[in-house]
Amino acid sequence: MSGTDNTARTATGADLPAIQTALAYALDWRGEGGWDSPAALIESSGHAYLLAGWGKTGDAAVIAVVQDRAVGAAWYRYWSKSLHSYGYIDDSTPEIGLGVDPDYRRQGVGTSLMTALLNLAVEHGVPSLSLSVECDNPAVRLYRNLGFEHYADVDDAWTMLRRLGS
Ligand SMILES: CC(C)(COP(=O)(O)OP(=O)(O)OC[C@H]1O[C@@H](n2cnc3c(N)ncnc32)[C@H](O)[C@@H]1OP(=O)(O)O)[C@@H](O)C(=O)NCCC(=O)NCCS
């Protein structure tokens, strides 16, 4: 499909709902549905900790906007060995999350978001970024296209790493 005219902008504190919605898309990446709201899915699946206290030092996100509407988000956050998401490598490698509204997929939005997030990470002097993706998620192709490399197998998922700068 041809690219949608979208822009990815840096998130502000007011964008937490868009990031929560994107997290819900990521949790339900197979599109099984059956959830009433992003918050309900995040809470009931035990993932509220992933965005708890959002806005602390090191948190960063970008929002995809189409005709003034948020249609996706990508973000990263630092974790520790004792508390982390699924793609943890070490304390200095933030983990990425990504989700796009189903109506706007395959139009370049995810690529725009990830490109903007990588640029933001470079601006902030982040040395590398990681993520976790289930092996059968087509998002693997997107990540490979953007320079992410397989780092480790964790159950049915891959941890992928993107090194930035020198
Ligand atoms: C993964 C996701 C963010 C991609 O967003 P998107 O806006 O569709 O991404 P793009 O349009 O930039 O696609 C880039 C490339 O990724 C690959 N890709 C993405 N989705 C794909 C799919 N469903 N089937 C096959 N390839 C796909 C393709 O190579 C695509 O390029 P192409 O359309 O030129 O073939 C989106 O599908 C999504 O939100 N999925 C559910 C949540 C999720 O899986 N998040 C990631 C968890 S690790």
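How far is a nitrogen atom of the ligand from an N or O atom in the side chain of Arg141? I opened the notebook with that. The model is predicted, and I read every distance below as computed from it.

**Entry: polar contacts**

I looked up Arg141 first. An N or O atom of its side chain is 3.3 Å from a nitrogen atom of the ligand. A pair of N or O atoms counts as a polar contact within 3.5 Å, so I logged Arg141 at 3.3 Å as one.

Next I took Asn137. One of its polar side-chain atoms lies 2.9 Å from a ligand oxygen.

Then I checked Gly110. Here the backbone provides the N or O atom, and the ligand oxygen is 2.8 Å away. I then looked up how much of the ligand is covered. Alone, the ligand exposes 900 Å². The protein buries 79% of that area.

**Entry: the shell**

I listed the residues around the ligand and got 21. Val100, Arg106, Gly108, Gly110 and Thr111 come nearest. Gly110 is thus noted twice, here and for its backbone contact.

I sorted the shell by residue class. Eleven residues are nonpolar, seven are polar and three are charged.

**Entry: where the shell comes from**

Which elements each supply at least two residues of the shell? I found helices H1 (16-27), H3 (109-123) and H4 (139-145), along with strands S4 (95-100) and S5 (128-134). H4 gives the largest share, with four residues.

I also asked where the ligand sits. It occupies the largest pocket.

**Entry: the whole chain**

I stepped back to the fold. The protein has four helices and seven strands. Read from the N terminus, the order is β-α-α-β-β-β-α-β-α-β-β. The radius of gyration is 15 Å, close to the 15 Å that the globule rule gives for 166 residues, so the protein is as compact as a globular protein of that length.

Last, I looked up the box. Along the principal axes, the C-alpha atoms fill roughly 35 × 35 × 35 Å.

Definitions and conventions
Residues are numbered from 1 along each chain as its sequence is written. This is a predicted model: local features need pLDDT of at least 70, side-chain atom pairs count only at pLDDT 80 or more; totals for chains, interfaces and linings use all residues. Side-chain values use heavy atoms; hydrogens and water are left out. A residue is near a molecule or strand if one of its heavy atoms lies within 4 Å of it. A polar contact is a pair of N or O atoms within 3.5 Å; within protein, one must be able to donate a hydrogen and the other to accept it, and residues adjacent in sequence count only if both atoms are side-chain atoms. Accessible areas come from the Shrake-Rupley method with a 1.4 Å probe; for residues, only the protein chains shown count as cover. On a 1 Å grid over the protein atoms alone, a cavity is a set of points where a 1.4 Å probe fits but cannot get out, and a pocket is an open set with protein on both sides within 12 Å along at least five of seven lines; lining residues have an atom within 4 Å of a point. A molecule sits in a cavity or pocket if more than half of its atoms lie within 2 Å of its grid points. Ala, Val, Leu, Ile, Met, Phe, Trp, Tyr, Cys and Pro count as nonpolar, Asp, Glu, Lys and Arg as charged, and the others, Gly among them, as polar. The radius of gyration is taken over C-alpha atoms; the globule rule is 2.2 Å times the number of residues to the power 0.38.
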